[in-house]
Every structure is written in C-alpha cells, then in structure tokens.
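This briefing goes through one protein model by topic. Please keep the sequence and the structure open while reading.

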Amino acid sequence: MNQATIHAINEMVFMDKLNLFEKPDVILYHPGHFPELNDQLVAYYKSVGASLIMIPGVYNSFLNGIEYEFYAPLLIREGIEKEKLVSISADTLAKGVEGVVESAFSYINQTEYKNILLAGKSFFCRRFYLLSSIYANDEKVIDILPLEDNRDITPSKWINSEKGRARVLNEIGQYSKILTDKYPINK
C-alpha cells in the first residue's frame, strides 16, 4: 500500500478530539475487552469530570461477562464515583455496538445533558461518531476521546500488522453497512 492510500485510509478511519466543549456532561465509554483503556479514561475524567459515564451492559465473550459489571468496579477503585456510572442495555432491535449506541441515546435524548463525549479505541471512533450522529437529537454536541489499546492500531502503526490492517479495513466496510441500512437507496 502506498503512502497516499495509507493517508486516505487514516483520514477515513481515525479522528482527533474536536474540542467542542470544555467538560462533557456524559462520557459514553466503549472499552470492549481492553481494560488498559481505563487508565486513559480515568486520567481524562480526573482532569475535567463528567456527570455520567455510561458503559455497555452487554455480554462480552472475551471478558466472559457483562462489560459494565467488569469495568464499574475497576473504575470505582480508580476514584470514579459509583453513582456516576450507568449501565447501557442494548434493548433495541439493533445488535452489537449499534444497539448500545441506540439505547444510550434513547436515554440521553430525554435528558438535559448536551455535551456527549465518546471514549473508545482510536480506530473505532469514526464509527462510534457516525452511529452517535444517527441516534443523537440535534441539540446534542458530540465529541470523541480516542483511546489507545495495546495492539498499536494507530495512524502510524496499523499498516504494520495483520490485525491492524484487518481492524482498520473492517471499519471502512462498517460505514457503508451502517449508512445503507439506515438510509436505503430506492432504485
């Protein structure tokens, strides 16, 4: 793959924090099975705070358990108040991360919370942002906090591993699937 292609893919997949607000009202945290993301989230939270941190309350086969039940005690041990942690169920027809995002915004959209920060793996932030933009109402301001896991799937390193290439190229395919499912083209 040449440098121009890598640059174009990086532009499609990776996002930088947009800095649209100083303090989030809600952090929508999608750690998956990467507890090393907690350190980055906790450092961010301790520097600016938030009213809520929402974590998927869904089963994760890698953790062999519910993500919220795995992460909440770890975050509490790091100093985040228990009452600020909220489990997100995926009680919609949508599956996986889309169901989690849809459920989160079905709650958030009914609140006064305006500034929503999406915290997740850096290569996943564009899809996280896309899904959130679909389900958030127009009053919500959405920004991202890209986090790095231990696999080095970053703009400068994803091309160097089979896992990195697979994950990044999968993300590009996901955008098309999401958009064509949500906004079908009638022929």
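**Briefing on the predicted model**

Arg165 has its place in helix 6. With a relative accessible area of 30%, Arg165 is partly exposed. The C-alpha atoms of Arg165 and Ile153 are 8.4 Å apart, and the two residues are separated by 12 residues along the chain. The model is a predicted one, and the mean pLDDT of the protein is 94.

**Confidence**

- A pLDDT of 70 or more is reached by 97% of the residues.
- Among the elements, strand 7 (residues 141-147) has the highest mean pLDDT, at 98.
- The lowest mean pLDDT among the elements, 87, belongs to strand 3 (residues 59-60).
- Where pLDDT is low, predicted coordinates should not be read in detail.

**Aromatic pairs**

- The protein has 3 aromatic pairs.
- One of them joins Tyr29 and Tyr71 in an edge-to-face arrangement, with 6.2 Å between the ring centres and 70° between the planes.
- Tyr29 belongs to strand 1 (residues 26-30) and Tyr71 to helix 3 (residues 67-77), so this pair ties together parts that lie 42 residues apart in sequence.
- Tyr29 has a relative accessible area of 0% and is therefore buried.
- Tyr71 is also at 0% relative accessibility and counts as buried.
- Together with Phe70, Tyr29 and Tyr71 make up one aromatic cluster.

**Lys17: a ring and a salt bridge**

- Lys17 lies over the face of Phe21, 5.9 Å from the centre of the ring.
- Lys17 also forms a salt bridge with Asp143, in which the closest N and O atoms are 3.5 Å apart.
- Lys17 is in the loop between helix 1 (3-13) and strand 1, whereas Asp143 is in strand 7, so the salt bridge ties together parts 126 residues apart in sequence.
- The relative accessibility of Lys17 is 22%, which counts as partly exposed.
- Its partner Asp143 is buried, at a relative accessible area of 0%.
- Strand 7, where Asp143 lies, is the element with the highest mean pLDDT.

**Other salt bridges**

- Side chains of opposite charge can pair when their charged atoms come close.
- Across the whole structure, 6 salt bridges are found.
- Among them is the one between Glu98 and Lys182, with an N to O distance of 3.1 Å.
- Glu98 sits in helix 4 (residues 96-108) and Lys182 in helix 6 (residues 162-182), so this pair ties together parts 84 residues apart in sequence.
- Glu98 is buried, because its relative accessible area of 16% is under the 20% cut-off.
- Lys182, at 33% relative accessibility, counts as partly exposed.
- Another of the salt bridges links Asp149 to Arg151, the closest N and O atoms being 2.7 Å apart.
- Asp149 counts as buried at 8% relative accessibility, while Arg151 counts as partly exposed at 22%.

**Lys121, Phe124 and Phe34**

- The charged end of Lys121 is placed over the ring of Phe124, 5.5 Å from the ring centre.
- The C-alpha atom of Lys121 is separated by 8.9 Å from that of Phe34, and these two residues are 87 residues apart along the chain.
- Phe34 is in the loop between strand 1 and helix 2 (37-48).
- Phe34 is buried, with a relative accessible area of 8%.

**Largest pocket**

- The largest pocket holds about 480 Å³ of space.
- Its lining is made of 23 residues.
- Which residues of the lining lie nearest the centre of the largest pocket? They are His30, Gly32, His33, Asn60 and Glu67.
- Strand 3, helix 4 and helix 6 each contribute at least two residues to the lining of the largest pocket.
- Helix 4 gives the most to this lining, with 3 residues.
- Helix 4 and helix 6 also carry the partners of one salt bridge, Glu98 and Lys182 respectively.
- Strand 3, which supplies part of the lining, is the element with the lowest mean pLDDT.

Key:
Residues are numbered from 1 along each chain as its sequence is written. This is a predicted model: local features need pLDDT of at least 70, side-chain atom pairs count only at pLDDT 80 or more; totals for chains, interfaces and linings use all residues. Side-chain values use heavy atoms; hydrogens and water are left out. pLDDT is the predictor's confidence in each residue, from 0 to 100. Helices (H or I, at least four residues) and strands (E, at least two) are DSSP runs, numbered from the N terminus. Rings of Phe, Tyr and Trp (its six-membered ring) pair if their centres lie within 6.5 Å; planes under 30 degrees apart count as stacked, over 60 as edge-to-face and the rest as tilted. Buried means under 20% relative accessible area, exposed over 50%, partly exposed in between (1.4 Å probe, protein chains only). A charge sits over a ring if NZ of Lys or CZ of Arg is within 6 Å of the ring centre and within 35 degrees of the ring normal. A salt bridge is a side-chain nitrogen of Lys or Arg within 4 Å of a carboxyl oxygen of Asp or Glu. On a 1 Å grid over the protein atoms alone, a cavity is a set of points where a 1.4 Å probe fits but cannot get out, and a pocket is an open set with protein on both sides within 12 Å along at least five of seven lines; lining residues have an atom within 4 Å of a point. Grid points are joined across faces, edges and corners, and a volume is the space filled by probe spheres set on the points.
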